[in-house]
Protein chains: 2
Amino acid sequence: MVGRSLARLLESRADDLYIGYGLKPRIVAASDNGGMACDTTGLDCARLIRAKEHKGTVAAYSDGHGGGGSNGRGGRAPDSSPTAAEMAEAVSGADVLVEATPSNYKDAEPGMSNITDAMKRRMHVVSVNKGPLALAFPSLNELAAYNRVMFRFSGTVGGGTPILDYAKNSLSGERITSFSGILNGTTNYILSAMADGMSPKAALQDARSKGYVEADESLDLDGLDAAAKLVILANWVMGMKVTMPDVNCAGIRGVTSADIKRAAKKSRVVKMTAACGNDALTVAPVAIPRDDPLCVNGTLNAISFTSEHSGTQTIIGRGAGGTETASAILRDLLYIRQGITSGAYG
Amino acid sequence: MVGRSLARLLESRADDLYIGYGLKPRIVAASDNGGMACDTTGLDCARLIRAKEHKGTVAAYSDGHGGGGSNGRGGRAPDSSPTAAEMAEAVSGADVLVEATPSNYKDAEPGMSNITDAMKRRMHVVSVNKGPLALAFPSLNELAAYNRVMFRFSGTVGGGTPILDYAKNSLSGERITSFSGILNGTTNYILSAMADGMSPKAALQDARSKGYVEADESLDLDGLDAAAKLVILANWVMGMKVTMPDVNCAGIRGVTSADIKRAAKKSRVVKMTAACGNDALTVAPVAIPRDDPLCVNGTLNAISFTSEHSGTQTIIGRGAGGTETASAILRDLLYIRQGITSGAYG
């Protein structure tokens with residue numbers, strides 16, 4: 001979905017990106033679990049989207065009659081996913097890999113191999129896949145530095161809301177001492193529904209019916225998604241070298257309607273916060289004051305940074321979503337383009 | 001107060017600013033309405049603060065026995081304020097002017113002359129004075145470009161909350177289509193108190209007693225302060241070329257307890273918002289939904305940017321304050337230092 005949104009964004013804003021930012025990216029390859037399309041002279045975004053929407057895979061791009069194992073240029077048999085190596089081979093001249101396979105927190109594959117292979121081939125990397133970052137942020141950063149490539153991942157935290165960039169750049173010169181955020185929209189939706197009187201079961205069912213819950217429900221309900229974002233923030237913003245096992249992680253499965261009511265009596269609301277302070281990383285349901293700016297409803301994300309001299313600052317915005325994540329990728333591509341033209345990178 | 005906070009910040013963070021950012025600023029002159037101190041080899045921050053706190057003016061810096069019209073090096077008679085020209089003369093070798101005289105929206109003096117004189121002498125300028133920007137943003141920007149100097153003003157909007165930087169940089173690649181903010185903490189404090197049941201008179205008295213209201217009450221109550229910030233945002237973020245007379249400005253003097261109650265019945269809260277959309281600039285009391293993230297209490301500031309692809313994003317933080325504004329100046333100094341060392345500026 002993210003890939004399609006990105007293709008749409010690049011297509012619809014082609015003129016303005018070229019005129020305003022000098023950005024005119026050539027997409028030399030696209031891959032999904034149905035196969036791969038590639039063309040070193042550049043793939044057409046509209047045609048890629050059509051192939052995906054009508055045939056279910058980009059592999060049908062150069063194949064006039066369906067997604068089957070034809071021999072159209074760039075088309076591949078849908079029953080054999082291309083490996084990262086094959087893909088990298090096909091596009092060895094590319095400048096940037098955009099990695100958008102699903103996050104997994106067991107071994108982070110196939111994203112991990114895609115990213116490390118690309119870096120070793122001196123490609124800059126944009127990842128919206130949280131898995132590799134959650135499990136190996138410090139070493140991926142080192143690998144990027146060693147190979148002198150840029151590594152960006154704006155879309156991993158906050159979707160379209162540039163939380164990482166804000167903390168790193170807008171607060172430059174400041175010392176952030178702690179932060180706390182509501183980084184998982186699904187659990188926030190469920191807890192908001194419970195605060196409105198729904199039972200935990202009904203709230204979960206409601207979230208499922210709206211398509212908010214990940215296929216692997218544990219990612220949301222046990223706090224893994226929030227923990228991954230917390231790890232990325234702690235590394236990027238606080239300079240900590242941590243990975244998922246460093247997080248004390250408790251999800252929302254244990255939260256009862258009685259907990260919610262008890263909090264309400266004290267003008268508080270139960271929220272699953274991801275917090276970093278005093279070198280400790282915690283994801284857990286916490287009762288926070290109702291008038292705390294962090295207290296957002298529904299699927300919104302929010303994060304409060306406390307800095308030494310500027311007090312506490314909160315950013316609120318939509319979390320993940322195809323268009324939002326695509327716009328985060330675009331920000332990263334603009335950053336990389338600037339880095340390349342500045343001459344600091346090959 | 002801002003100058004003192006800045007001196008304190010530079011003093012207390014000297015090591016970390018030098019080690020972390022290579023910033024070791026030399027303050028060659030400081031001026032207040034009691035006079036001026038200057039020393040091309042650098043003034044000592046701690047001593048500047050002592051002079052200000054014990055004698056009431058930095059003019060007492062090099063004067064062992066009080067702030068009177070002695071002949072100590074750099075000391076001046078307190079009854080004759082130095083003109084911008086005199087000051088610029090004394091420090092003609094300086095790289096940067098930090099302009100922090102009070103904002104006025106009639107002729108913006110003395111800030112306007114201080115800034116234009118400095119730019120003509122090829123000095124970079126950091127302004128926390130909103131007056132010159134509110135009345136002449138487009139031409140000041142042109143003057144800066146013509147003289148190839150950097151002009152920064154992070155502290156004019158949002159105090160320590162980097163609103164301008166966020167909108168310009170963190171959202172780069174995005175098209176902001178509209179924004180709406182609560183940019184004046186004083187009126188927000190008064191309206192919050194009224195929402196809690198105070199009469200307009202009592203709320204104003206309460207705000208006065210806490211020192212929240214400017215000496216010229218019209219700046220807060222008639223919305224001039226918010227309008228000035230709106231003009232700065234519209235120029236900087238939206239690329240509009242506008243000044244104060246372009247704002248439809250209504251303050252909070254007409255808001256009654258009945259208005260507040262009527263809004264409350266609809267789960268709304270009356271807030272003085274500064275809004276930009278459809279090429280119109282408006283400052284006015286508006287009833288907004290209670291669960292809108294913009295709905296902050298007390299003296300907090302908040303602003304929501306709506307962009308084409310990332311939805312609506314809200315930033316909340318403390319507004320003005322000595323330390324906060326000083327940290328904004330520091331951010332601008334770091335930016336200018338980077339610009340100078342990059343070689344893009346003389």
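## A threonine in a loop of chain A

A:T57 sits in the loop that runs between α3 (45–55) and α4 (84–90) of chain A. The structure described here is a predicted model. Is A:T57 buried or exposed? A:T57 has a relative accessible area of 5%, and it counts as buried because the cut-off for that class is under 20%.

The side chain of A:T57 makes a polar contact of 2.8 Å with the side chain of A:D32. A:D32 is also one of the residues in contact with A:T57 when neighbours within four places in sequence are left aside. The others on that list are A:G34, A:G35, A:A51 and A:K52.

## Salt bridges within a chain

Side chains of opposite charge can pair when their charged atoms come close. Over all chains, the structure holds 30 salt bridges. Three that lie within a single chain are described here, beginning with A:D225 and A:K229.

The side chains of A:D225 and A:K229 form a salt bridge with an N to O distance of 2.8 Å. Both residues belong to helix α11 (residues 224–238) of chain A. They are four residues apart, which is about one turn of the helix. A:D225 is buried, at a relative accessible area of 4%, and A:K229 is buried too, at 8%.

In chain B, the side chains of B:R8 and B:E53 meet in a salt bridge of 2.7 Å, N to O. B:R8 is in helix α1 (residues 2–12) and B:E53 is in helix α3 (residues 45–55), so this pair ties together parts of chain B that are 45 residues apart in sequence. B:R8 is partly exposed, with 39% relative accessibility. B:E53 is also partly exposed, with a relative accessible area of 42%.

Another salt bridge joins B:R152 and B:D332, whose closest N and O atoms are 3.9 Å apart. This pair links distant parts of the chain, 180 residues apart: B:R152 is in strand β5 (residues 151–152) of chain B, and B:D332 is in helix α13 (residues 322–341) of chain B. Are these two residues buried or exposed? B:R152 is buried, with a relative accessible area of 11%, and B:D332 is buried as well, with 1%.

## Where the two chains meet

The size of an interface is often given as the accessible area lost when the parts come together. For chain A and chain B, the area buried between them is about 2,800 Å². Of this area, 51% is on carbon and sulfur atoms. The contact takes 36 residues from chain A and 36 residues from chain B.

How many salt bridges does the rule find across the interface of chain A and chain B? It finds two. A salt bridge between the side chains of B:D16 and A:R175 has an N to O distance of 3.6 Å. Two residue pairs are in polar contact across the interface, both at pLDDT 80 or more. On the side of chain A that touches chain B, the elements giving two or more residues are α2 (14–21), α7 (163–170), β11 (311–318) and α13 (322–341). Which of them gives the most? It is β11(A), with eight residues. By class, this side of chain A has 11 nonpolar, 16 polar and nine charged residues.

Salt bridges also link A:R13, A:D16, B:R175 and B:E308 in a network.

## Strand β11 in both chains

β11(A) and β11(B) pair with each other in the antiparallel sense, over three bridges. In this pairing, A:I315 stands opposite B:I315 in β11(B).

B:Q313 is found in strand β11 (residues 311–318) of chain B. B:Q313 is buried, with a relative accessible area of 1%. Its side chain makes a polar contact of 2.4 Å with the side chain of B:Y166. With neighbours within four places in sequence left aside, B:Q313 is in contact with residues of chain A, namely A:G160, A:T161, A:P162, A:I316 and A:G317. In chain B, its contacts are B:Y166, B:L171, B:I303, B:S304 and B:F305.

Key: Residues are numbered from 1 along each chain as its sequence is written. Chains are lettered from A and ligands numbered from 1 in the order in which they are written. This is a predicted model: local features need pLDDT of at least 70, side-chain atom pairs count only at pLDDT 80 or more; totals for chains, interfaces and linings use all residues. Side-chain values use heavy atoms; hydrogens and water are left out. Buried means under 20% relative accessible area, exposed over 50%, partly exposed in between (1.4 Å probe, protein chains only). A polar contact is a pair of N or O atoms within 3.5 Å; within protein, one must be able to donate a hydrogen and the other to accept it, and residues adjacent in sequence count only if both atoms are side-chain atoms. Contact means heavy atoms within 4.5 Å. A salt bridge is a side-chain nitrogen of Lys or Arg within 4 Å of a carboxyl oxygen of Asp or Glu. Buried area is the accessible area (1.4 Å probe) that two parts lose on being put together, summed over both. Ala, Val, Leu, Ile, Met, Phe, Trp, Tyr, Cys and Pro count as nonpolar, Asp, Glu, Lys and Arg as charged, and the others, Gly among them, as polar. Two strands pair if DSSP finds at least two bridges between them.
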